[in-house]
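Here is a short tour to read with the structure open beside you. Feel free to click along as you go.

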Amino acid sequence: MGKSSLIKPVLDVEYPVISHGKGVFLYDAFGKEYLDGCSGAVTANIGHGVEEITKAMIEQAEKVSFVYRSQFTSEAAEQLALKLSDLTHGDYPWSFFVNSGSEATETAMKLAIQYWQERGKPQKNRIISRWMSYHGITLGALSMSGHPVRRERFTEILESYPAISAPYCYRCPMQLDSKSCGLACANELEAAIRRIGENHVAAFIAEPVIGAAGAAITPPNGYFQKLKQICEKYNVLFIADEVMTGMGRTGKLLASEHWGVKPDIVTLGKGLSGGYTPIAATLVSDPIIQAILHGSKIIMGGHTFSANPLSCAISLAVLNYLTKHDIAEHAATAGVYLKNKLHSLEQKYSFIGDIRGKGLLLGIEFVQNKKTKKPFPLDASITNTVIKLAMEHGLLLYPAAAGEEGVTGAAIIVAPPLTITEKE
Ligand code: PLP
């Protein structure tokens, strides 16, 4: 391709021009077919080119595309909030719409801090997160993200939030045996709250299944419940970052449901619109909004495009599609099938160390030696090599961070659209 003024992620790489997509396939301008094995950035949950969605798009655009949220609300935004409340059985009667997962994280952070202000505890303003996590690229969200590669250029200007170990059992950060560890990584949360002081901690944030920073790291049973118990014990809000895991990706609408945990705040993005438009949401439980209603009544957040009717109508159509076609249930069964297939590759190839994940959020970690779990050196760029080769063969995969030498291994995410069939 000739000279271009579009800034791309890697400036000296030529990106194929995409022509169109249908179902689980994308086609470039030369007609080459790609099986979308990672739904873009784990986003195209219902596949490409679904006509119901484009129809809803046109219908809303013909009515009105944009109104400003501080002047008007819209039927589409109200209906979407209602639908999300229904889907979550009334646990989150309040939704705040934004345009990206990063903004959803920022909103969650701000609401958590405001909640304690409204309750007369303004000093309760720290948020604890985990190493091996990704909550977004904006500076607030990045501050809480344990993702060394994405942080390193900005370390000096990032707020330093306290972080605890991740439940990375394949390479336990605490060097413990997963059978006898007593969930020591979850207990670190209690230690951190005690160290900082309960009166200074507003919230704890975690991805139920770790995505970009670890390739589908799934916690052991009991871990998520333990974190929630600790939060309750110390009056700390629990924020579940379900930007990647939400909307059926792991086989349930929200991944937190796997462990019966109800977070106080949930963030959604990606699959919320299946990629048909930029939209994300922060779902909020009633006590938080009641505290604001009985206090300042004002929410200082949001963006020009927040809750715009066009994105809301598109997202509503995607959610209707999800429920109509039992997409989360399908993801659960298809996920078991795909994971079994990946396990058979693991038997065959010595460089596959671990297969993990839930539903259709799966990860493959590469090793030099299966027995010793010796990781590839980071500068070997094994992940990029695999992804490049797969793409040449017409398969799209998602890179997960090979974060720190010796701490994280090189890994990829396999996460096709939730509509994928066994044959595909
Ligand atoms: N949270 C999680 C768990 C994510 O995976 C991502 C993106 O990958 C984000 C937040 C940020 O979302 P966005 O890229 O839409 O800002």
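The report below covers the ligand shell, a helix pair and two hairpins.

This is a predicted model, in which local features need pLDDT of at least 70, side-chain atom pairs count only at pLDDT 80 or more, and totals for chains, interfaces and linings use all residues. Residues are numbered from 1 along each chain as its sequence is written.

Start at the ligand: 16 residues surround it, the closest being S100, G101, S102, V243 and M244. A residue is near a molecule if its C-beta atom, placed from the backbone, lies within 6 Å of it. Helix α4 (residues 101-118) gives the largest share of this shell, three residues. Helices are DSSP runs of H or I with at least four residues, and strands are runs of E with at least two, numbered from the N terminus.

Helix α4 also meets helix α9 (residues 286-293): their axes, lines fitted to C-alpha atoms over the stretch in contact, come within 9 Å and cross at roughly 55°. That makes α4 oblique to α9, a word for angles that are not under 35 degrees, over 145 or from 65 to 115. In this contact (C-beta atoms, placed from the backbone, within 7 Å), L111, Q114, Y115 and E118 of α4 meet I288, A291 and I292 of α9.

Now for the strands, which pair if DSSP finds at least two bridges between them.

| Antiparallel pair | Bridges |
|---|---|
| β1 (residues 18-22) and β2 (residues 25-28) | four |
| β2 and β3 (residues 33-35) | three |

I18 has D28 in β2 as its bridge partner, while F25 stands opposite L35 in β3. In the hairpin of β1 and β2, G23 takes a positive phi near 60°; in that of β2 and β3, G31 takes one near 85°.

Notes
Axes are lines fitted to C-alpha atoms, for helices over the stretch in contact, and angles run from 0 to 180 degrees between N-to-C directions. Two residues are in contact if their C-beta atoms, placed from the backbone, lie within 7 Å.
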